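Colleague: Thanks for sitting down with me over this one. Could you pull up the chain so we can go through it together?

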Amino acid sequence: METGDGLILRLVPAEGAISPGQLRGLARAATALGNGMMEITARGSLQVRGLTAETVAPLQDAVLALGITPRLGLAIDISPLSGLDPREVADARPLAQRIQEGAAGLADKLGPKVSVVIDGGGAIGLGGHKADVRLAALRSGAEGMWSVTIGGGAPELLAEKDAAARALDALSQIAALGRRARATDLPGCAAAQGDHGKPLAPLGTFPLADGRFACGIGLPFGAGAANLFAALADAAEAAGSRDLRPATERVLLTTGLDAEGTRAFATEARRLGCLVAPDDPRAFIAACPGAPACICAHFPARDLAPLVAEALAPLLDGTVTVHLSACTKGCAHPAPATLTFVGMDEGIALVHEGAPSGARGPVLPVDALAAKLATLAGTPRLPGETGRGLLARMQKAGLLAGLWLREGNDRPMVKT
Ligand code: SF4
């Protein structure tokens with residue numbers, strides 16, 4: 001993909017996991033062939049940034065030489081702990097394989113954003129992730145049954161084989177409408193009311209069925225220098241890790257640890273500046289690279305993200321999501337957020353409960369941001385009021401709009 005800082009290579013390991021040595025090798029290749037920045041996306045893909053037309057093929061060769069098999073074809077998301085998780089209702093892998101094989105002939109007819117989510121009901125839920133086709137394992141009393149939802153349509157309860165057939169039928173119907181089509185274009189499948197809730201990042205320790213543990217750590221705002229990824233690979237190996245798994249919400253999981261190895265890996269990850277607990281304020285903030293990495297950027301989104309995390313920490317109680325998008329494209333967070341700071345006209349606009357494309361102004365200079373954040377975070381809450389509730393009340397009363405108005409600037413606020 002072409003971006004403001006060159007080409008990106010996006011990679012999902014076919015089996016969902018790579019070894020510490022493979023991650024180290026990928027980091028070396030990213031330094032030699034890209035601009036040395038790597039990312040884990042909200043959907044759990046690895047990205048290498050800053051490639052050129054000349055370095056893409058050598059990087060692809062390096063990936064294959066490392067023995068990493070990339071997932072090709074339809075994007076099917078399952079829990080990174082599928083098959084290892086003692087809490088899961090069903091192992092999503094056989095269903096994923098059945099759908100992947102069945103959809104092989106549709107690969108060039110479906111648009112690249114068409115996705116399938118298969119939620120086996122384990123410790124790492126995928127409920128907050130948008131999908132064209134969603135399958136969720138049913139709990140108690142309905143073993144072997146899946147809820148299948150196409151776009152925003154009504155769920156159907158089906159046995160696994162029928163669930164796969166229904167998913168494939170829907171994918172065929174989408175493909176028949178052309179590569180721009182999505183499930184919501186199908187009759188009766190119009191978009192459901194959006195749930196702006198953020199899926200919880202799988203940070204911390206997860207017991208595994210074999211008595212060992214997985215440990216999830218987060219890259220600060222999803223990104224880091226390639227040498228940070230190499231250092232995490234070293235730490236995982238030293239802790240006795242079996243493998244590393246890029247996971248949803250910009251998390252890197254390592255599996256197969258004993259209790260002491262889990263503590264050692266988390267301690268080293270914390271020392272390296274990574275997130276190790278789900279209540280870290282940074283877990284609720286998405287930020288694109290911004291300036292200077294991206295030529296479309298109107299402000300340095302990722303450089304400002306630590307300041308935003310610190311300033312808004314009192315509001316980040318798990319109900320609020322924040323997105324720093326240095327232009328209206330919104331690369332870092334496809335869904336709406338509670339607050340989105342959007343780069344436009346060399347400044348920052350504010351969107352409440354919407355996406356960056358909804359930004360209309362007014363636009364504040366970047367150096368005015370810190371004071372506005374302090375005012376937001378210092379606004380008293382009513383008893384029992386959540387951070388999201390406070391922001392909704394402020395928006396209703398016109399206080400958010402007022403906050404974002406500069407003296408002498410009476411343009412309307414933002415589309416909500
Ligand atoms: S959202 Fe950020 S990374 Fe994406 S194009 Fe805009 S400035 Fe660039």
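Colleague: Which residue's side chain is joined to that of Asp243 by a polar contact?

Modeller: Keep in mind that this is a predicted model. In it, the side chain of Asp243 has a polar contact of 2.8 Å. The partner is the side chain of Thr255.

Colleague: Is Asp243 buried or exposed?

Modeller: Let's go by the relative accessible area, where buried means under 20%. For Asp243 that area is 11%, so the residue counts as buried.

Colleague: And what does Asp243 touch, leaving out residues up to four places away in sequence?

Modeller: Asp243 itself sits in strand S13, which covers residues 243-247. Thr255, the partner in the polar contact, is one of the residues touched. The full list is Ala17, Ile18, Leu253, Thr254 and Thr255.

Colleague: Zooming out, how compact is the chain for its length?

Modeller: The chain is built with 10 helices and 18 strands. Its radius of gyration is 22 Å, close to the 22 Å from the globule rule for 416 residues, so the chain is as compact as a globular protein of that length.

Colleague: What share of the residues counts as buried?

Modeller: Asp243 is a buried residue, and the question now is about the chain as a whole. Out of 416 residues, the buried share is 52%.

Colleague: Last one: how far apart do the centres of the positive and negative side chains lie?

Modeller: There are 39 positive and 41 negative side chains to place. Taking the centre of each set, the two lie apart by 3 Å.

Technical notes. Residues are numbered from 1 along each chain as its sequence is written. This is a predicted model: local features need pLDDT of at least 70, side-chain atom pairs count only at pLDDT 80 or more; totals for chains, interfaces and linings use all residues. Side-chain values use heavy atoms; hydrogens and water are left out. Helices (H or I, at least four residues) and strands (E, at least two) are DSSP runs, numbered from the N terminus. Buried means under 20% relative accessible area, exposed over 50%, partly exposed in between (1.4 Å probe, protein chains only). A polar contact is a pair of N or O atoms within 3.5 Å; within protein, one must be able to donate a hydrogen and the other to accept it, and residues adjacent in sequence count only if both atoms are side-chain atoms. Contact means heavy atoms within 4.5 Å. The radius of gyration is taken over C-alpha atoms; the globule rule is 2.2 Å times the number of residues to the power 0.38. Lys and Arg count as positive and Asp and Glu as negative; His and the chain ends are not counted. The place of a charge is taken as NZ of Lys, CZ of Arg, CG of Asp or CD of Glu.
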